There are 2 protein chains.
Amino acid sequence: MNLGELEKLVLKFFWQVKVADAKQVHLHFEKSRGGTLNTIQSTLDRLFKKGLLKRDKEGHAFQYRAAKPRKAFIGKLIKEVTDDFTLGNENSILAAFVSLSSELNEQQLDKLEKMIQDHRASISSGYNS
Amino acid sequence: MNLGELEKLVLKFFWQVKVADAKQVHLHFEKSRGGTLNTIQSTLDRLFKKGLLKRDKEGHAFQYRAAKPRKAFIGKLIKEVTDDFTLGNENSILAAFVSLSSELNEQQLDKLEKMIQDHRASISSGYNS
DNA sequence: ACAAAAAACCGACTGTCAATCGGTTTTACA
DNA sequence: TGTAAAACCGATTGACAGTCGGTTTTTTGT
């Protein structure tokens, strides 16, 4: 999934704002970067066709919103880039963790372990199944 | 850093083979996907200009090799994609871990914790500093 | 030193895709 | 049902990867 600059900005916008129509998105971006309503509309349409936004017509305009939560989406992206470079039987997600670990300091490792604990808890409680 | 299909294949090749010249790379890929030596050469050159390959002239041809170890490179890529979608003060690397954790099962969490232990050890031994 | 061979380099063309926006058609609502 | 708003269509531009022919430069063997 290869995204352009504007597409990325728009996605980020929807993770903050949740729901908006083209007009509102345009209003939000015209100060910071310009561009016509049409440009926003076609970008929304492109993101919709890529499955990254959902939309429903409510009243006279499409109401757009993110198709996935932000973190799930980032997780997907990461899986994608790592899969491209993962060899043979290696687990790409795990490899990604290893690849990243060297960038973490001790406090961050603490947080990471806490995160693992939380995740284990959610598994054993049956929340994820 | 946006890479094309052939560029990705070539990078992967160099993480397995370590050093090769254009001719050898071409030899390796011509069965599986065709393409002329020139195509390989310009791809190597593009990767060199992007800083992903290093090269030295030894004898009559450039000898190319990966500029970074594979995992470091994957780590960089992950940082890149997460930075694009990370909000405000959030630590993008940590966010990436969180984003990925839901895709791990218990054995993988075990491995991950082992990995953290190893990394902590390498920090306290002063190996990383 | 020089000719032949090999490799590097240059430039052109193609295809894809995001961004951009004007113009037309469709839709909703008063 | 007419009008305003929105959606849709299509054209253009700009990057950039892939592709490869042809030219220049470099290396090497005699």
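Okay, let me start at the DNA. Around strand C, the nearby protein surface is made up of 4 nonpolar, 14 polar and 6 charged residues. Keep in mind that this is a predicted model.

So who's sitting there? We get 24 residues surrounding DNA strand C, and the closest ones come from both chains: A:G4, A:L6 and A:N38, along with B:A61 and B:F62. In terms of elements, chain A brings α1 (5-17) and α3 (37-49), while chain B brings α2 (22-33), α3 (37-49) and β2 (61-66), each of them with at least two residues. The largest share is from α3(A), with 5 residues.

Now, the two protein chains. How do you lay chain A on chain B? You turn by 180° with a shift of 0.0 Å along the axis, and the RMSD comes out at 0.1 Å. The two copies are therefore related as by a two-fold rotation axis. If you want to find that axis on your screen, go to A:I78, which comes closest to it among the residues of chain A, with its C-alpha at 3.0 Å.

Next, the interface. There, 37 residues of chain A are in contact with 37 of chain B. On the chain A side, two or more residues each come from α1, α4 (70-85), α5 (92-101) and α6 (106-124). The largest share belongs to α6(A), which gives 11 residues. By type, that side of chain A has 18 nonpolar, 9 polar and 10 charged residues.

And one last point on that: 100% of chain A's interface residues are interface residues in chain B as well, so the copies meet through the same surface.

That's what I have, thanks.

Technical notes: Residues numbered from 1 in each chain as written. Chains lettered and ligands numbered in written order. Predicted model: local features only at pLDDT ≥ 70, side-chain atom pairs only at ≥ 80, totals over all residues. Near = placed C-beta within 6 Å. Helix = DSSP H or I, 4+ residues; strand = E, 2+ residues; numbered from the N terminus. Nonpolar A, V, L, I, M, F, W, Y, C, P; charged D, E, K, R; others polar. Least-squares fit on C-alpha atoms with pLDDT ≥ 70 in both. Contact = placed C-beta atoms within 7 Å.
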